[in-house]
Amino acid sequence: YLYIWNKYPDKNIFEKINYIFGNKIGNVINILYISSNLYMACIYFYSMINFVASQYLIKTPLLFITLIFSIPIIYLIIQKLEVIGRALFIFWILSTLLFILTFIGLFFQLDFSKLLPIGESGFFNIIKTSFITLPYTNFILFLFMSIPKNSVIDKEKLNKRSYIFYTLGFLVIIFGCIIVIT
């Protein structure tokens with residue numbers, strides 16, 4: 001993805017696809033790309049709502065939880081890109097603090113024996129599940145590549161920071177899964 005992003009720095013991903021494949025085929029690819037990522041966003045939203053409803057707000061109606069989560073999303077969609085970036089940075093700081101506090105608070109209650117035996121259902125199911133979770137990373141990269149590289153401040157450190165945050169995000173997902181399982 002970084003190679004594609006660096007290829008034409010003055011274009012976003014949709015303009016690059018149109019430039020490479022032409023308008024007709026490029027528009028079809030863009031529609032498929034946008035619709036698949038919109039579908040994944042709906043799955044994320046649905047999964048998040050169900051997780052919150054089943055783990056934390058058990059007696060709260062699902063419609064109310066959905067409305068509470070939808071209001072900030074609708075507000076951010078209406079705003080400009082700069083406001084979205086600032087809000088996402090604030091949410092990132094808050095979620096990182098919440099994750100660290102949750103991990104510290106739950107660390108002594110974790111039962112790692114629930115992780116064993118690893119691969120009880122077979123190696124094929126592990127590989128199949130890894131391919132099922134692959135689109136979860138595509139959505140983040142889709143958002144990342146929607147911005148032309150020339151619009152980014154401090155372009156020189158961008159590739160290094162992308163690798164670091166992608167690795168940190170991967171570790172957070174692994175630790176989150178371990179916390180939920182144990």
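**View 1. The whole protein, read from start to finish, goes α-α-α-α-α-α-α-α.** This is a predicted model, and what you see is eight helices and zero strands. Of the 182 residues in the protein, 18% count as buried. The accessible surface comes to about 14000 Å², and carbon and sulfur atoms make up 75% of that. Now think about who touches whom: among contacts with a separation of 6 or more, 62% are between residues 24 or more positions apart.

**View 2. Here we look at the largest nonpolar core, a group of seven residues.** Its members are Trp5, Ile13, Ile17, Tyr33, Phe142, Met145 and Leu158. Two elements each give two or more residues to this core: α2, covering 13–21, and α7, covering 134–145. Keep an eye on Ile17, Tyr33 and Met145, since these names come back in later views.

**View 3. Next up is helix α3, which runs through residues 23–55.** With 33 residues, α3 stretches 47 Å from its first C-alpha to its last, close to the 48 Å you'd expect at 1.5 Å a residue. Which residues in α3 are buried? They are Gly26, Asn30, Tyr33, Asn37, Met40, Tyr44, Ile49, Val52 and Ala53. Here's a handy thing to know while you scan that list: an α-helix has 3.6 residues a turn, so residues three or four places apart point the same way. Tyr33 is also one of the residues of the largest nonpolar core.

**View 4. Staying in helix α3, we zoom in on isoleucine 29.** Is isoleucine 29 buried or partly exposed? Isoleucine 29 counts as partly exposed because its relative accessible area is 28%, and the buried label needs a value under 20%. Leaving out residues up to four places away in sequence, isoleucine 29 touches Ile17 and Phe21. Ile17 is a member of the largest nonpolar core. Asparagine 18 sits eleven residues from isoleucine 29 along the chain, and their C-alpha atoms are 8.6 Å apart.

**View 5. This one shows asparagine 12, in the loop between α1 and α2.** Asparagine 12 has a relative accessible area of 15%, so it counts as buried. Its side chain reaches the backbone nitrogen of phenylalanine 14 at 3.1 Å. Once you set aside neighbours within four places in sequence, asparagine 12 is in contact with Met145, Ser146, Ile147 and Pro148. Of these, Met145 is a residue of the largest nonpolar core.

**View 6. Tyrosine 8 lies in the loop between α1 (2–7) and α2.** At a relative accessible area of 24%, tyrosine 8 is partly exposed. What does tyrosine 8 touch, not counting residues up to four places away in sequence? The answer is Lys16, Tyr19 and Ile20. Tyrosine 8 and asparagine 150 are 142 residues apart along the chain, yet 9.3 Å separates their C-alpha atoms.

**View 7. Last, meet the aromatic pair formed by phenylalanine 51 and tyrosine 56.** The count for the protein comes to one aromatic pair, and this is it: an edge-to-face arrangement, 5.9 Å centre to centre with 80 degrees between the planes. Why those two numbers? A pair of aromatic rings is described by the distance of the centres and the angle of the planes. As for the two partners, phenylalanine 51 is partly exposed, with a relative accessible area of 33%, whereas tyrosine 56 is exposed at 59%.

How values were computed:
Residues numbered from 1 in each chain as written. Predicted model: local features only at pLDDT ≥ 70, side-chain atom pairs only at ≥ 80, totals over all residues. Heavy atoms only, no water. Core = buried A, V, L, I, M, F, W, Y, C linked by side-chain atoms within 4.5 Å. Buried < 20%, exposed > 50% of the residue type's maximum accessible area, 1.4 Å probe, protein only. Helix = DSSP H or I, 4+ residues; strand = E, 2+ residues; numbered from the N terminus. Contact = heavy atoms within 4.5 Å. Expected span 1.5 Å × (residues − 1). Polar contact = N/O pair within 3.5 Å; in protein donor to acceptor, adjacent residues only side chain to side chain. Areas by Shrake-Rupley, 256 points an atom, 1.4 Å probe, with all protein chains shown as cover. Phe/Tyr/Trp six-rings, centres within 6.5 Å; stacked < 30°, edge-to-face > 60°.
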